[in-house]
Amino acid sequence: MGACVCKDKNQDPPITQAEESDSSSHVSTNRQRDQNHHSSSVTSNYDQSDNRRHRHHHRSHNNQRQHHSSNRRSRDAEKEDVDRLVLETLSVIRTLVDNAQEPPLAMLILHKIADCDQGWLNVVKSLIRVIPMEDPLGPAVIALLLDECPLPTKDALMELKSHLNLAEMELAQTYSKPCQKRNICVLLGCLAEKLAGPHSISLLTSDILTFLIEHLKPENHPVVILHSMVALEKFAQTSENKLRITQALQQCDVHPMTILEVWYHRDNDNRPFSYSRREVGFCAGWCLDNLCDHDMAVSLSYQGRPFSYEQLDRSHLNVMLNSNDVSEYLKISADGLEARCDASSFESVRCTFQVDSGVWYYEVTIVTDGVMQIGWATKDSKFLNHDGCGIGDDEFSMAYDGCRQLIWYHAQSELHSHRCWKPGDILGLLLDLENQYLVFYLNGDPLPSYKQLFTHARSGFFAAASFMSFQQCEFNFGEKQFGYPPPVSFKTFNQYGRLLPEERIVLPRHQKMALMNQFVVSEDACTLCFDNIADTQLNDCGHRGFCEVCAIQLEKCPICRQEILERVRCHTDTHRSSTPVVLPLLQTPVV
C-alpha cells in the first residue's frame, strides 16, 4: 500500500546538462590542483588523500544521479501500473453479471493502493487522466471506483484541491482535453455525494465553484456541461453549498440553466452530440424545477418561467412512470415518460398501469448507451437500489440489457444476439399473457421468445426499468405512434389506463415536500409505506408496524436486522392489545 508515487507532485528534479557540466568541471579542477601540488614531498600524503576523497565524491555523485534516474523510472512505472489497473477495471466491468460476484482483481488492487492518502490521490489522478470519452461506462466506473475506495481524509482532499488548481491557466496546462474535464466534474460530483456535510462544504472552494459554473456555458463540450451541472446538483445536497450555488448562479447575467433547458428535444437526429444535448436540456429543466428553493422559484416565475408541468398538455396521458413509487435519486420528466439516474445506486421505476391478461406492447427510446435493465416486473418484485438489485434480479421480473448484451431473470443472465444498443435505438417489449411468453425487439429485430418469467408470475405485470449511474431513456406507452410495432395484435397501456387529473402531475421536489408536511399519518399505518394498515408481525423477532405488502418484500427485519422466518397477519386491533390475534401465515418467499 502507498507504493505508488505521483510523478508530477513528488518526483525528484531531473539531472540537467548544466549539472553534468558542473560535475565534470569540478572533477577536472581538482585533478589539476592535484598535479600542481604533486612536486611537493611535504604534501604528498595529503595529495593522495585528497585524490581519494575527490574520487569518492565523483563516484557518490554518479551513484546519486543513477539513484534519481532509477526513482524516476520506478515512479513512471508505478503510475503506468495504476493507469493500467483503471483501464483494466473499465474493460472488465461489463462482465460483472452477478450481484454476489467478487470484484475483479484490478479493482481489489486499486482498493489496496487507495488505502493511504498518496495512493488514493494516485488513483484519483489516474481516473482523471485515462478514462476515455467514448466508453459509455466511463463515468459510471469513476463513480464505482470512488465508491469502492476508502473515504479520503481531510489531508487527501486538500492535496487534491491543490493538485487540481482549477484556475483557468493552470487547468489548461494540466487537463486540457474535454474527457479530462468531464472526468474532473464526475469526480467532484461523486465526492460531493459521498462527503455531504462539512467535507462537502470545504471541497467546494471558490475556484471549484467558478470552474463548474464556467463550464455551463453553451460553447463548452455538451458532456462537460452535463457533468458540471450534475456536480453542482450533488454539491447542492448540502444546504450551505446550495445557498452559495444559488447566489452564484443568480449573479450571472442570464441564468445558465434557462439557456440550456431549451436543448431538450425528443425529435433527435443523428447530428453529433444530439443526444448529449438532450441530456443537458433534460437535467437543466429538472434542476430548475427541483433544486431551487421557494424564493428562487418565485424569482424564476417572475422572469416568466413556469414549472415544466405547467407548460404541458397532460390530458392525453393515461399511463406514466410512477413518480410516487421511486426513491428521490431518480429523475422523472414532467410528463412522466422519461427517467434518468445520476446517483451511484441502481434505481428502478415502474409504470402506473398493471396488466393481468391479453397481449401488450410498449417501446423505449435509448438516450444513453450504458447499463440499463428494461423489461417487465410484477407487484412482488423487489427493487433494492443500494444492493444493486433491479428489474430481472428476482423471479418476478425479466429485463433486457443492451449494453452488456444480456437477458436478466432471477439474478441470472444469458447472452442475446443483438448488437450493443446506442443512443436513438428503440427497444420494443411484447408481453403475451395468454400464451405466456415475452419478446424483446431492437429496432424491430426480435429475439426468440422467453417463457421463464411465467414460472413464478402469472399476472400483475408492469412496464419497468433499472438504471446504472448517468443513464436515461424515454418510454412510449402508446400515446404516440410506435416506431416498430410488432406483427401481432396487441393492446397499449395508454389505451386502457386511466389517471385522475392530479395523478398526471409530476410535482417538483419542494412542492411534493410541502404536501407531505401537510399529510397526516394514521396511528395504525405501515411504518414503511404509510398507505396501508400495519397488520403484519415478523417472526422470530416479533416486531410489528408493517403492512402485508411491505412485509412480503423484506428479507430482514428493518428494526433488528434479524432474518425473517415467517410473517403473521394480525387484526388491526392488536396494536392496542398485548396478545396478537393470529390469522393465516404468510410464508417467507424463496430468494
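**Notes on a predicted model: one strand and three backbone details**

1. In strand 3, which spans residues 347-350, the side chains of Glu347 and Val349 point one way while Ser348 and Arg350 point the other way, and all of these residues are buried. This is a predicted model, and the points below should be read with that in mind. The pattern may be set beside a general rule, namely that in a regular strand the side chains alternate between the two faces of the sheet.

2. Strand 3 runs antiparallel to strand 12, which covers residues 461-467, and the two are joined by four bridges. Which residue of strand 12 is the bridge partner of Ser348? The partner is Ser466.

3. Before turning to the backbone, it helps to recall that most residues other than glycine have a negative phi, and that most peptide bonds are trans. Against that background, the bond joining Asn539 and Asp540 is a cis peptide bond, with omega at about 20°. Asp540 itself lies in the loop that connects strand 14 (536-539) with strand 15 (544-546).

4. Ala411 is not a glycine, yet its phi is positive, at about 65°, and the residue is found in the loop between strand 7 (406-409) and strand 8 (412-415). Ala411 counts as partly exposed because its relative accessibility is 22%, and buried would require a value under 20%.

5. Arg561 is likewise not a glycine and has a positive phi, here of about 70°, and its place is the loop between helix 19 (548-551) and strand 16 (566-570). Is Arg561 buried or exposed? Its relative accessible area is 54%, so Arg561 is exposed, the cut-off for that term being over 50%.

Note on methods:
Residues are numbered from 1 along each chain as its sequence is written. This is a predicted model: local features need pLDDT of at least 70, side-chain atom pairs count only at pLDDT 80 or more; totals for chains, interfaces and linings use all residues. Side-chain values use heavy atoms; hydrogens and water are left out. Buried means under 20% relative accessible area, exposed over 50%, partly exposed in between (1.4 Å probe, protein chains only). Two strands pair if DSSP finds at least two bridges between them.
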